[in-house]
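Please find below a short briefing on strand pairing and on a pocket, written to be read alongside the sequence and the structure.

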Amino acid sequence: MTTRMFTSPLFLGFDHLEQMLERASKTSSDGYPPYNIEQTSPTGLRITLAVAGFTMDDLQITQEDNQLVIRGRQTDDSQGRIFLHRGIAARQFQRSFVLAEGIEVKGAWLDNGLLHIDLAKPQPEVRVKTIPITRNSSASAMRPNGTDVGALVDSKADR
């Protein structure tokens, strides 16, 4: 059962925000692999995951709608090897990040056991739109007292 956050009639069209918040709350919280998120510029972000022991072939990055998903799956290469201690786990993982609308994945690279993913967030556009008010002769253009708004405007223009 989910709790609706945007129940006010003043919040129109924010259903997608509730869905994103719900998706973010379901993401894995086991802490593996550890990661950093840094701001690289006013419009740039970088996610860095510590993926020691993983090769490029073991990693997969996908964007599913507004969700960035990083998966890692190592092959078991322990055949024929005898470990006296095995502290480096060869386990699979899935790490997800919910992206805001318009965030673009610019690229990814693996360097010294760190997977870097660069993102770009768009600059918000200032949008001002003037809505024209048109004259309407239908019943919807009537004042509450029953006088026609269009006729009132026309009679003042004739003076």
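A pocket here is an open set of grid points, on a 1 Å grid over the protein atoms alone, with protein on both sides within 12 Å along at least five of seven lines. In this predicted model, the largest pocket has a volume of about 230 Å³.

**Largest pocket**

- The lining of the largest pocket comprises 14 residues, and those nearest its centre are Asp-77, Arg-81, Arg-86, Ile-88 and Ala-90.
- Sorted by class, the residues lining the largest pocket are 4 nonpolar, 6 polar and 4 charged.

**Three-stranded sheet**

- Strands of a sheet pair through backbone hydrogen bonds, in either a parallel or an antiparallel sense.
- In this model, an open sheet of 3 strands follows the order E3-E4-E5, and its pairing is antiparallel.
- Strand E3 (59–64) and strand E5 (93–98) form the edges of this sheet, each of them pairing on one side only, while neighbouring strands are turned by 15° against each other on average, with direction ignored.
- Strand E4 (residues 67–72) runs antiparallel to E5 and is joined to it by 6 bridges; Arg-71 has Gln-94, in E5, as its bridge partner.

**Hairpin of E6 and E7**

- Strand E6 (residues 104–111) pairs with strand E7 (residues 114–120) in the antiparallel sense, over 7 bridges, and Asp-111 has Leu-114, in E7, as its bridge partner.
- Between the strands of this hairpin there are 2 residues, and Asn-112 takes a positive phi near 50°.

Terms used: Residues are numbered from 1 along each chain as its sequence is written. This is a predicted model: local features need pLDDT of at least 70, side-chain atom pairs count only at pLDDT 80 or more; totals for chains, interfaces and linings use all residues. Side-chain values use heavy atoms; hydrogens and water are left out. Two strands pair if DSSP finds at least two bridges between them. Helices (H or I, at least four residues) and strands (E, at least two) are DSSP runs, numbered from the N terminus. Axes are lines fitted to C-alpha atoms, for helices over the stretch in contact, and angles run from 0 to 180 degrees between N-to-C directions. On a 1 Å grid over the protein atoms alone, a cavity is a set of points where a 1.4 Å probe fits but cannot get out, and a pocket is an open set with protein on both sides within 12 Å along at least five of seven lines; lining residues have an atom within 4 Å of a point. Grid points are joined across faces, edges and corners, and a volume is the space filled by probe spheres set on the points. Ala, Val, Leu, Ile, Met, Phe, Trp, Tyr, Cys and Pro count as nonpolar, Asp, Glu, Lys and Arg as charged, and the others, Gly among them, as polar.
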